[in-house]
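Biologist: Got a minute to go through this model with me? I'd like to talk through the contacts and the empty spaces.

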Amino acid sequence: STILAHAQQTNEEKMVDIIVKYNERVPDEDELDPAYQNVSTLDIFQIQTMTVPESSVKIISSQKNVKSVSYDQKMTTSETNTSTPSAINVRTETRRTLSGYDWNNDMVRAFDAWDEGFTGKGVKVAILDTGFSPHADLSFTGGHSIFGKSDPYTIDNVGHGTHVAGIVAAAQNSPVRGIAPDVSLYGVKVYASDEGNTTSTGNFLDGLYWALKNDMDIINISSGYETENDAVHKAIIKATEAGILVIAASGNKTPSNTTIDFPAAHPEVIAVSSVGEDTQIADDAMIAYEPDDPRTEFVAPGRSIYGLNTSGGYQYSSGSSQATPHVTGMAAILK
C-alpha cells in the first residue's frame, strides 16, 4: 500500500521541494505516491528529499512514521568577489623560501608543518562545492556528482569549487601552494552547472550522504543558508558521530543577512570567518559568538587569496569561502 497518501490535485497545483525526516524505517521509493517526484533516499540519515504537490505536505507531516517535514531552501557559495592582490608581508624566520603569494600559508604556519614532514598525507577530505575543473596543479583521489554522468564533478562553471579545492591541496610546486598538498582529495559536486552559485539544502544533503558513505575524515563546506533546518542538523550530527570533522563557512554580511549562516551555526560544526593579510577581520565577515559561547569558530585568511581558476591559471578571490579551506587544510595536517 502507499505509505504517504496524496490528496487529489489539479494540473495547476504548485509543486514544492521538501525534506522528510522519518522516525524509523525509510519507505521504499516504490511505496510512495507516484505524484511525488525527484525522490532521493538517504537511508543513513533516515531522510528522503522529494518534490510534491503543495497539498501533500500536511498529509505527509501527519504520517505516524514522519518525524518532520521541512521546505527545501536555497544554499549559496560564501565567496564575495574576485579581488586585487594585497601587499606582501611574510615572516622571515621560516626555513623555506617564500614567494609573494605565500602570505596566507605563512599566516597559518603551514610551512612549519611541512618542514616537520606533515602535509596531510592519507587524510580523506571531501569538498562539497560547485565542481572542480581539471588543473595541472591539483590532483583528486576521487570524486562524485550528485547529478550523475550528465553533469560530472569535473565541470565547474562558476570556478568556486576549483579555487576552494586548490587552497586545500594545490601541489607544493604550484605558485599557489595548498595548505595540505598531500591529502586524499575528493570533489563532491552539489551545485548543478546550470544553477551557478545556487543549490538547495536537499542537494547538500545528498553530498553529505556520499561523504559519510565513503568514510571521509573531513568535509569542507564553503557555502551556507540562512534558516536552520532540523533534518540537515540531524544529518550533520550523524556525520560527526561517525568521526567526520565538518568545517563550514560563517558566511558574508549582506544587507539582508547579518547573522552566521547554517550549517556553520550548528554546534557540531567548526565555523570559519575571514581575515586579511593584516590579520584584521574582513569588512564583510560575520563573527558569530561571544567569548564564552561553547561553539567553535576560527578566523583564517580570506581576503585576496591567490588560487586556481577554471582556465588552468590563477586568480584572486575573497570570502569566508576562501577562509574555510585554510582551516580544513590545517585540520588535515593535525590529523
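**Rings, bridges and hollows**

Modeller: Sure, and let's begin with one ring: tyrosine 316 has a relative accessible area of 17%, so it counts as buried. Bear in mind that this is a predicted model.

Biologist: Which aromatic cluster does tyrosine 316 belong to?

Modeller: Take its pairing with tyrosine 306 to begin with: the centres are 4.5 Å apart and the planes make 35 degrees, a tilted pair. Tyrosine 306 sits in strand 16 (residues 305-308) and tyrosine 316 in strand 17 (residues 314-319), so the pair links parts of the chain ten residues apart. The cluster as a whole is Tyr101, Tyr306, Tyr314 and Tyr316.

Biologist: How many aromatic pairs does the count come to, and is the pair of tyrosine 225 and phenylalanine 262 stacked or edge-to-face?

Modeller: The count comes to nine aromatic pairs. For tyrosine 225 and phenylalanine 262, the ring centres are 6.3 Å apart and the planes stand at 25 degrees. Planes under 30 degrees apart count as stacked, so this pair is stacked.

Biologist: Where do tyrosine 225 and phenylalanine 262 lie along the chain, and how far apart in sequence are they?

Modeller: Both tyrosine 225 and phenylalanine 262 are buried. Tyrosine 225 is in the loop between strand 12 (223-224) and helix 6, while phenylalanine 262 is in the loop between strand 13 (245-249) and strand 14. That makes it a link between distant parts of the chain, 37 residues apart.

Biologist: On to charges: how many salt bridges are there, and what is the N to O distance between arginine 177 and aspartate 102?

Modeller: The salt bridge count comes to five. Arginine 177 and aspartate 102 make one of these with their side chains, and the N to O distance is 2.4 Å.

Biologist: Which parts of the chain does the bridge between arginine 177 and aspartate 102 tie together?

Modeller: Arginine 177 is in the loop between helix 4 (160-169) and strand 9 (184-189), and aspartate 102 is in the loop between strand 6 (79-81) and helix 2 (103-107), so the bridge ties together parts that are 75 residues apart in sequence. Arginine 177 is buried at 14% relative accessible area, and aspartate 102 is buried at 0%.

Biologist: Lysine 189 also forms a salt bridge, so what is its partner, and is lysine 189 buried or exposed?

Modeller: The partner is aspartate 151, with the closest N and O atoms 3.7 Å apart. Lysine 189 is in strand 9 and aspartate 151 in the loop between strand 8 (142-145) and helix 4, so the pair links parts 38 residues apart. Aspartate 151 counts as buried at 10% relative accessibility. Lysine 189 has a relative accessible area of 0%, which means it is buried.

Biologist: Where are lysine 234 and aspartate 230 placed?

Modeller: Lysine 234 and aspartate 230 form a salt bridge with the closest N and O atoms 2.7 Å apart. Lysine 234 is partly exposed at 27% relative accessible area, and aspartate 230 is partly exposed at 33%. They are four residues apart, about one turn, and both lie in helix 6 (residues 230-241).

Biologist: What about enclosed space: which residues line the largest cavity?

Modeller: Searching the whole structure gives one cavity of 30 Å³ or more, and the largest cavity holds about 50 Å³ of space. Its lining is Tyr101, Asp102, Asn104, Asn105, Ile167, Pro175, Val176, Arg177 and Tyr306.

Biologist: How many residues of helix 4 are buried?

Modeller: Ile167 is among the buried residues of helix 4, and so are His160 and Ala169. Helix 4 is largely enclosed by the rest of the structure, because the buried residues number ten of the ten.

Biologist: And the largest pocket: which residues lie nearest its centre?

Modeller: The largest pocket has a volume of about 390 Å³. Strand 1 (15-22), strand 2 (37-42), strand 3 (47-53), strand 10 (198-200) and helix 5 (201-213) each give at least two residues to its lining. The lining has 19 residues, and nearest the centre are Asp17, Thr51, Asp72, Ser200 and Asn203.

Biologist: Last one, at the surface: which residues make the nonpolar patch of about 240 Å²?

Modeller: Isoleucine 281 is found in the loop between strand 14 (270-275) and strand 15 (297-301). Isoleucine 281 counts as partly exposed, because its relative accessibility is 37%. The patch is made by Ile281, Ile287 and Val299.

Notes
Residues numbered from 1 in each chain as written. Predicted model: local features only at pLDDT ≥ 70, side-chain atom pairs only at ≥ 80, totals over all residues. Heavy atoms only, no water. Patch = residues over 30% accessible without salt bridge, like charges linked within 9 Å, V, L, I, M, F, W, Y side chains within 5 Å. Areas by Shrake-Rupley, 256 points an atom, 1.4 Å probe, with all protein chains shown as cover. Salt bridge = Lys/Arg side-chain N within 4 Å of Asp/Glu carboxyl O. Buried < 20%, exposed > 50% of the residue type's maximum accessible area, 1.4 Å probe, protein only. Phe/Tyr/Trp six-rings, centres within 6.5 Å; stacked < 30°, edge-to-face > 60°. 1 Å grid on protein atoms, 1.4 Å probe; cavity = no way out; pocket = protein on both sides within 12 Å on 5 of 7 lines; lining within 4 Å. Points joined across faces, edges and corners; volume = space filled by probe spheres on them.
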